Every structure is written in C-alpha cells, then in structure tokens.
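Good morning, colleagues. I should like to speak briefly about charged side chains and the contacts between them. Please look at the sequence and the structure first.

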Amino acid sequence: MCWTKRGLAGLWLVLTALPLAAAEPTPEPPIYIESDSLKIDDSKGISIYQGNVIFRQGPDTLWADKLVIHSTARQEVDKIVASGEPARFDHDAEVEDEKSWGEAQTIEYHAGESLLILNGAARFQQGDNLFSGNRIEYEADKELVRAGKAVAGEGRVQIVIQPRSKDTEQQPEASPQ
C-alpha cells in the first residue's frame, strides 16, 4: 500500500540533521547529543552513542538506546541508525497539525536516497492521524510512504485518519461591499 504524506517530513528532519532547501537559508540550530558512552572511529567514519541517547536539534528530539552515525570521507552524514525498545522521536512543530512523533525498534535514515525506514513495531502519528505496522518506509524527496506486505513481507498496516471538522471544510463567504 502506498501513501503520500508530507507529515513524515518531521521525522525525516529529526534524523537528518541537515538543512532544508529554502529561498533564503536560515541558520541551522545546533545539535545536542547526550549518551552514557561515545565511540568515534574516524578511520571508518562511524560515531556510536550508547545508553540513554538523547539527540536534540531545534524542535526535534530523538531518544534511543543506541545511535550510530555513518559519515562519508568528507564528514557528511551518510546514514543514521537509532535502535531501542523502542527508539522514539518527537517533532514539536508550532502548528498543531504538523506536530508528529514516531517509534520503532530501529529507525534508519539513508541520506543518499532520502530514505527513512522505521522497522519493528513501527508507529508514526501526525496530528490525529496514525500509521502503524511492522515496517514503514518514507522517501522524503518524493513524499512517499510505503508500508505493508509488499514492503516488509509480513504483517498488516493500520492507519487511522481523523475526519476534518466541518469548520475547516467550509470556506468563509466574501462580505458584500
């Protein structure tokens, strides 16, 4: 089953730590990472954070038992893997409908493909809408969500989409002049 949903962008932002393209670039907020231990292997381009990992950048927070950041030779983020029981994220947007959170046993972000993968008891919610399944994939550049047997080979997908209120569906009438 395929879905398009710009709402997963919040999750993508949490994991990428890369700026979005904009007409005028805005300064990127600093990244704060806390963990019980850290191992950096520059020769392999890997940083491993373990034990009560907290990753914060702007309105985004990621919690994991383990966070592995793979970097290219030019020290650019190539892949991020967060794991936990579960690994969780929260995007605290200013607009209520854009707030989102998610969790899975493993959350991966592949920068080259702009691909985000939530694997193992995966759940994602934006506003009142909820996606859940064993595996959820999100292609950020295409705003495409895939979940279900075709993706994970097992399990079913559950989606809860809340109806719009009648107030938001009605257009205001133009006032006579």
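**A network of salt bridges**

In this predicted model, Arg135 and Glu137 are joined through their side chains by a salt bridge, at 3.0 Å from N to O. The term salt bridge denotes a side-chain nitrogen of Lys or Arg within 4 Å of a carboxyl oxygen of Asp or Glu. By this rule, the count comes to 6 salt bridges.

As to conventions, residues are numbered from 1 along each chain as its sequence is written, and side-chain values use heavy atoms, with hydrogens and water left out. Local features need pLDDT of at least 70 and side-chain atom pairs count only at pLDDT 80 or more, whereas totals for chains, interfaces and linings use all residues.

Let me continue with Glu137. Its side chain also meets that of Arg146 in a salt bridge, at 2.9 Å from N to O. Arg146 in turn forms a salt bridge with Glu139, where the closest N and O atoms are 2.4 Å apart. Arg135, Glu137, Glu139 and Arg146 are thus linked in a network of salt bridges.

Which of these residues are buried? Arg135 and Glu137 are both buried, where buried means under 20% relative accessible area, exposed over 50%, and partly exposed in between, with a 1.4 Å probe and protein chains only. For Glu137 the relative accessible area is 10%. Glu139 is likewise buried, at 13%, while Arg146 is partly exposed, at 21%.
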